[in-house]
Structure formats: structure tokens, C-alpha cells
Amino acid sequence: VGWVCFALLTVTGVVNLAFRGVRPHDLVDPAWLRSSMGAAIATKLAVFACILAASVAHDFFIGPRAALLGEREPGSSRAEQVRRVASLLGRATAVLALAAVGLGVIIVRGWP
């Protein structure tokens with residue numbers, strides 16, 4: 001479900017940028033990136049990339065390893081350590097998602 005949501009967010013983000021007049025070449029234009037909107041969009045894209053990276057690490061590497069170690073070595077310090085890392089990645093993703101929502105508001109309303 002989460003990965004379908006990432007795809008939907010990507011599509012709707014591209015559409016919303018187009019409605020706001022942002023074109024792909026703007027994303028690499030240093031002058032545009034220094035603007036208020038450009039800085040907010042660039043920051044939001046960086047946050048989104050961090051969310052994707054943390055989700056890939058959690059869902060495909062750390063999470064499965066934590067589950068495997070939990071089955072093979074229940075209660076071991078190694079299993080507990082990997083479980084903590086997986087938990088921290090999940091929490092970091094939640095905080096980054098809140099930051100992305102805030103940046104979305106900034107894109108629409110401007111910086112405070």
C-alpha cells in the first residue's frame with residue numbers, strides 16, 4: 001500500500017507543479033531555485049527523496065533482517081539492535097512526512 005501511495009504522490013506532485021507553472025527545466029535553474037518557491041520545492045523534493053531512501057532501507061533491508069533475526073535469535077542483542085534501527089527508520093520517515101506536509105503548505109502559502 002505504501003509504495004502505491006509513493007507512486008500516487010509522485011504523479012500528483014508532478015501535476016500540481018505543472019498547474020503552478022513549474023517546468024522540469026526550472027528544477028535545475030539556479031536563479032529559480034533561489035526564489036522562495038524554488039527553495040521550498042527543492043527542499044520538499046529532497047525530503048521526499050529521503051523518505052523514499054529510508055523506506056527502501058526499512059522495507060527491503062533492515063525490516064526483513066529484523067524479522068529474520070527475531071525468528072532465528074529471539075532476544076539476542078543483535079536482533080534487538082536491528083529491530084531498534086528498523087523502528088528508528090520508521091519514526092524518521094514519519095517525521096520527514098510531517099516536514100513534507102509543512103513544506104507543501106509553504107509552497108502554497110509562502111514562507112512564514
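Visitor: Which residue follows helix 4, and is its phi positive or negative?

Guide: Helix 4 is followed by glycine 110, and the phi of this residue is positive, near 95°. Bear in mind that the model is a predicted one. A similar case comes just after helix 1, where glycine 21 takes a positive phi of about 85°.

Visitor: How many residues does helix 4 have, and what span is expected for it?

Guide: The expected span is 1.5 Å times one less than the number of residues. Helix 4 has 33 residues, with an expected 48 Å, and it reaches 48 Å from its first C-alpha to its last. For helix 1, with 18 residues, the rule gives 26 Å; the end C-alpha atoms are 25 Å apart, so the two agree.

Visitor: Which residues of helix 4 are buried?

Guide: Buried means under 20% relative accessible area. In helix 4 the buried residues include Ala79, Val82, Ala86, Leu89 and Thr93, and further along Ala100, Leu103, Gly104, Ile106 and Ile107. The buried residues of this helix pack against helix 3.

Visitor: Why is glycine 102 called partly exposed?

Guide: Partly exposed covers the range between buried, under 20%, and exposed, over 50%. Glycine 102 has a relative accessible area of 31%, so it is partly exposed. The place of glycine 102 is in helix 4. Its C-alpha atom is 9.9 Å from that of alanine 40, although the two residues are 62 apart along the chain.

Visitor: In the largest nonpolar core, which residues touch the most other members?

Guide: That core has 13 residues, and Val22, Ile41, Val47 and Ile51 touch the most other members. Helix 1 (2-19), helix 3 (36-72) and helix 4 (77-109) each give two or more residues to this core. Helix 3 gives the most, with five residues. Apart from this core lies another, of five residues, among them Ala66, Ala79, Val82 and Ala86.

Visitor: What is valine 22 in contact with, leaving aside its neighbours within four places in sequence?

Guide: With those neighbours set aside, valine 22 is in contact with Leu17, Leu27, Trp32, Met37 and Ile41.

Visitor: How much space lies in the largest pocket, and which lining residues are closest to its centre?

Guide: The largest pocket holds about 730 Å³ of space. It is lined by 25 residues, of which Leu9, Gly13, Val14, Lys44 and Leu45 are the closest to its centre. Helix 1, helix 3 and helix 4 each give two or more residues to the lining, and helix 1 gives the most, with eight. By type, the lining divides into 16 nonpolar, six polar and three charged residues.

Terms used. Residues are numbered from 1 along each chain as its sequence is written. This is a predicted model: local features need pLDDT of at least 70, side-chain atom pairs count only at pLDDT 80 or more; totals for chains, interfaces and linings use all residues. Side-chain values use heavy atoms; hydrogens and water are left out. A nonpolar core is a set of buried Ala, Val, Leu, Ile, Met, Phe, Trp, Tyr and Cys residues joined through side-chain atoms within 4.5 Å. Buried means under 20% relative accessible area, exposed over 50%, partly exposed in between (1.4 Å probe, protein chains only). Helices (H or I, at least four residues) and strands (E, at least two) are DSSP runs, numbered from the N terminus. Contact means heavy atoms within 4.5 Å. On a 1 Å grid over the protein atoms alone, a cavity is a set of points where a 1.4 Å probe fits but cannot get out, and a pocket is an open set with protein on both sides within 12 Å along at least five of seven lines; lining residues have an atom within 4 Å of a point. Grid points are joined across faces, edges and corners, and a volume is the space filled by probe spheres set on the points. Ala, Val, Leu, Ile, Met, Phe, Trp, Tyr, Cys and Pro count as nonpolar, Asp, Glu, Lys and Arg as charged, and the others, Gly among them, as polar.
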